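Student: Could you take me through one spot in this model up close, and then show me how that spot fits into the rest? I'd like one connected answer rather than a list.

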Amino acid sequence: MGRVQGIQGGRWLNLGLGIYFGLILLFLYGPIIVMALLSFQGPQGGMTFPLKGVSLHWWQRLFGERAAELGEAIVRTLVVAIETGLIAAAFSLIIAFAYRRRLPGTRPLFPTVLLALMTPGILLGLGVSLWWRILNMQPGHLSLLGVHVVWALPFAFLVMLAVLNRFDPGIEESARDLGASELRTFFEVVFPIIWPGILSAALFGFTLSLNEFERSVLATSQNTLPLQLWAMLTVQIIEPDLYALGTLTTLITFVIVGALFIPTFLSQIRRFSRRRAE
Amino acid sequence: MSSSSSRSVTLADGRAARTASVSRQRLATGSAWALLLALPTAWLLAFLIIPVVVVVVVSFFEPTLSGFNRVFTLDNYRLLAESDVFIRTLSNTVLNAVITTVVTFLLGFWVAYYLALVVPDLRRKFALFIIALAPFFTSFLIRAIAWIPMMGREGLLNTALLNLGITSQPLDFLLFSDFAVRVAMIQLYLLFMVSPIFFSLSTIEPAILEAARDSGAGWWAILTEILLPLARPGIVIGAVFVFVLSMGEFATVRLIGGGKTSSVGLGIQNFVTYIQFPQAAAAASILVLVTVAGVAVLFRYGRVAEGL
């Protein structure tokens with residue numbers, strides 16, 4: 001009993017909560033799994049059950065006709081996602097460092113970054129498109145990248161704060177005391193220690209941008225993959241190859257999330273248990 | 001170097017020189033930092049602050065066939081206020097957001113409770129948390145359309161209900177209805193509620209719970225007098241997230257609601273489609289005003305400042 005710290009309530013209650021947690025996971029994953037199953041629908045099958053045979057028909061269509069149709073959007077999506085990841089990582093690094101040192105001018109930045117998290121996507125998209133209109137510019141790559149970075153920045157910033165919290169400022173100070181310049185301290189001392197954190201901030205931004213829709217829909221005139229998907233969903237009759245596309249992008253996202261979290265959390269757990277042991 | 005006194009002088013000189021160089025360096029770093037900080041500041045200004053301000057400004061402009069004239073008018077607001085459709089849409093949006101917020105709390109609290117207080121092993125705790133968190137990163141659009149085969153007339157839920165003999169004919173309200181939109185939104189935003197509650201419950205010292213138990217507090221007393229008050233900041237932050245996100249929702253409403261239901265977000269998109277920018281901006285401004293009012297109520301009611 002004493003070994004299991006913080007346990008609350010009786011055995012039956014905890015068992016019930018375990019079952020409940022399983023049901024919630026079913027609620028979260030169920031539709032995705034059903035969608036994946038239906039992507040293997042036979043050629044005559046539709047968007048819902050019953051399965052009319054099992055085939056790779058819709059996957060072949062996805063990689064055939066659809067791929068040609070979507071190619072441009074896929075490339076554009078990847079380019080914006082990579083740029084978003086890099087810019088969000090760089091910005092969050094700057095803000096987190098400045099914030100940690102309590103430099104003047106950082107005080108209003110923190111609530112602004114949080115405001116970015118709370119601004120409805122449709123509002124941001126509308127605002128950028130109207131502003132571009134006033135400036136007599138056509139919304140395009142820059143306006144899209146702009147709102148994507150605004151969306152990714154709060155998450156990247158929180159990751160960076162967590163990373164810097166674990167980083168001992170003494171190391172930085174001693175490097176400077178030994179006469180290393182600010183730049184040299186950063187590149188030769190700080191960066192080698194915190195680069196995994198910078199990478200996860202960038203991956204965070206990449207993933208968020210990859211799947212971003214609500215901010216993008218009004219902010220650009222060029223389709224990204226989610227925008228193209230939206231056009232298909234609202235204008236065309238939808239077919240199971242969209243389930244194949246959904247399954248594919250979901251799988252890609254899970255792989256990135258796994259790569260992102262597993263190493264970070266393993267090290268976190270190791271630190272945690274070490275601290276407990278002490 | 002012959003006498004000790006000259007040596008100490010050199011040392012002192014060196015120290016003075018070093019202090020000077022350090023302060024010069026500080027000054028240089030100061031302006032370098034200002035330059036670096038200017039980048040994200042300018043970005044946030046250009047793509048967050050100014051767009052929001054522009055929306056408010058344009059909402060007072062006169063609409064034209066191709067956009068807007070820079071002439072002040074209150075007509076956009078007057079038209080919206082007089083429109084029954086808009087008022088109904090707004091109240092429906094608020095209702096959906098409130099229901100989503102309340103249900104995600106009722107469902108999410110126990111998920112956070114289970115993860116933070118029941119799962120004993122730290123490794124398992126984080127593993128389960130990541131598994132529950134992962135769907136958040138996938139596309140919201142994909143997650144919305146994934147509900148179609150679940151809820152349709154021939155969907156999984158209806159088939160199951162029919163086969164179990166619970167209903168004698170397919171339930172139509174399952175898809176393309178407010179009910180379906182709410183279920184999908186609850187699924188989309190549940191994790192925004194779970195995560196902050198999980199983090200605030202995780203920071204509670206086990207010793208506090210042990211002390212309460214030792215002094216005879218039962219499960220209910222511990223829940224209502226220790227856990228809920230200590231989790232309050234997390235609950236309020238989660239509620240703010242879910243409320244704000246569901247107020248701005250439009251993709252789910254369009255895909256799952258199937259034209260039978262609407263939201264202000266969807267209305268804004270429709271206005272833009274018909275190049276009615278000032279009306280879109282006025283609707284967006286009202287949406288923000290109502291959302292901010294809701295958030296203020298949550299903060300006030302939740303007394304977050306006290307809890308932090």
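Tutor: Let's park ourselves at Val150(A). Leaving aside residues up to four places away in sequence, Val150(A) touches Ala116(A) and Leu124(A) in its own chain, plus Leu44(B), Phe47(B) and Leu48(B) across in chain B. Keep in mind that this is a predicted model.

Now zoom out a step. Val150(A) is among the residues with the most contacts inside the largest nonpolar core, which has 156 residues. Others on that list are Ala88(A), Leu126(A), Leu153(A) and Ala156(A), and chain B puts in Ala112(B) and Ala284(B). As for who gives the most to this core, that's helix H8 of chain B, residues 178-202, with 16 residues.

Next, the meeting of the two chains. Here 76 residues of chain A are in contact with 74 residues of chain B. On the chain B side, helix H1 (residues 4-58) brings the largest share, 18 residues. Sort that side by class and you get 58 nonpolar, 12 polar and four charged residues.

And what about the chain that Val150(A) sits in? Chain A has 10 helices and zero strands. Of its 278 residues, 40% are buried. Take the contacts in chain A with a separation of 6 or more: 75% of them link residues 24 or more positions apart. As for overall dimensions, the C-alpha trace spans about 70 × 65 × 30 Å along its principal axes. The radius of gyration of chain A is 23 Å, whereas a compact globule of 278 residues would come out near 19 Å.

How values were computed
Residues are numbered from 1 along each chain as its sequence is written. Chains are lettered from A and ligands numbered from 1 in the order in which they are written. This is a predicted model: local features need pLDDT of at least 70, side-chain atom pairs count only at pLDDT 80 or more; totals for chains, interfaces and linings use all residues. A nonpolar core is a set of buried Ala, Val, Leu, Ile, Met, Phe, Trp, Tyr and Cys residues joined through C-beta atoms within 7 Å. A residue is buried if 20 or more other C-beta atoms lie within 10 Å of its own, exposed if 12 or fewer, and partly exposed in between; C-beta atoms are placed from the backbone. Helices (H or I, at least four residues) and strands (E, at least two) are DSSP runs, numbered from the N terminus. Two residues are in contact if their C-beta atoms, placed from the backbone, lie within 7 Å. Ala, Val, Leu, Ile, Met, Phe, Trp, Tyr, Cys and Pro count as nonpolar, Asp, Glu, Lys and Arg as charged, and the others, Gly among them, as polar. The radius of gyration is taken over C-alpha atoms; the globule rule is 2.2 Å times the number of residues to the power 0.38.
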